[in-house]
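Trainee: Could you take me through one part of this model up close? I'd like to follow the charged pairs and then see what sits around them.

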Amino acid sequence: MTDPTPEMQRDAALADLARLHAGLAAGLTPEQSARLQGSTDEEFAADAAAFAAELGGASSAPAGNRVGGPRGGDVGAASGVERGAEEYRAKHPKRESRPLPTGTNAGNPFAVPTYVME
């Protein structure tokens, strides 16, 4: 069998891109989008919509940004993350800082002076 030509590689890459674009627009994951079949953008979009309907997913793009995503309703609520932070602060009060030791070898209590400069 011969190696694929650059044109064949380009066509395969464009088909993969169209497959991924149609799948993401239909709310599919990249792994699910890889299963789409067709040869044109319209065929990929139709297959993606049918596949999403079979999976019970939405036939339109998910709302909002996918990066970071929407936060849950408990974030910032009195019963959610903020309450947990308050409970943590109550259990672990902030300690007063201790003064640093002064004098010789203040930084390392185990240091033994071995060199004396005269």
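Mentor: Sure, let's start with Asp11 and Arg10, whose side chains meet in a salt bridge at 3.1 Å, N to O. Keep in mind as we go that this is a predicted model. Asp11 has 43% relative accessibility, so it counts as partly exposed. Arg10 is partly exposed as well, at 48%.

That pair belongs to a short list: the count of salt bridges comes to three. Another one joins the side chains of Arg19 and Asp16, with 2.7 Å from N to O. These two are three residues apart in helix H1, so about one helical turn separates them. Now look at how the partners sit. Arg19 is at 15% relative accessibility, and because buried means under 20%, Arg19 counts as buried. Asp16, at 47%, is partly exposed.

The remaining bridge is between Glu87 and Arg83, with the closest N and O atoms 3.4 Å apart. Both residues lie in helix H4 (residues 81-91), four residues apart, or about one turn of the helix. Glu87 has a relative accessibility of 39% and counts as partly exposed; Arg83 is partly exposed too, with a relative accessible area of 45%.

Let's go back to Arg19, which also turns up where two helices meet. The axes of helix H1 (residues 6-25) and helix H3 (residues 41-55) come within 8 Å and cross at roughly 40 degrees. That angle is why H1 is called oblique to H3. The crossing of H1 past H3 is right-handed. On the H1 side, the residues in contact are Ala15, Ala18, Arg19, Ala22 and Gly23, and they meet Asp41, Phe44, Ala45 and Ala48 of H3. Sorted by class, this contact has six nonpolar residues, one polar and two charged.

Arg19 has one more neighbour to check out, and that's Ser33 in helix H2 (residues 30-33). Ser33 has just 1% relative accessibility, so it counts as buried. If you leave aside neighbours within four places in sequence, Ser33 is in contact with Arg19, Leu20, Gly23, Leu24 and Leu28.

So put Arg19 together on your screen: its side chain forms a salt bridge with Asp16, it is one of the H1 residues that meet H3, and it is in contact with Ser33.

Technical notes: Residues numbered from 1 in each chain as written. Predicted model: local features only at pLDDT ≥ 70, side-chain atom pairs only at ≥ 80, totals over all residues. Heavy atoms only, no water. Axes fitted to C-alpha atoms, helices over the stretch in contact; angles between N-to-C directions. Parallel < 35°, antiparallel > 145°, perpendicular 65-115°, else oblique. Left-handed = near helix turned anticlockwise from the far one by under 90°. Contact = heavy atoms within 4.5 Å. Nonpolar A, V, L, I, M, F, W, Y, C, P; charged D, E, K, R; others polar. Buried < 20%, exposed > 50% of the residue type's maximum accessible area, 1.4 Å probe, protein only. Salt bridge = Lys/Arg side-chain N within 4 Å of Asp/Glu carboxyl O.
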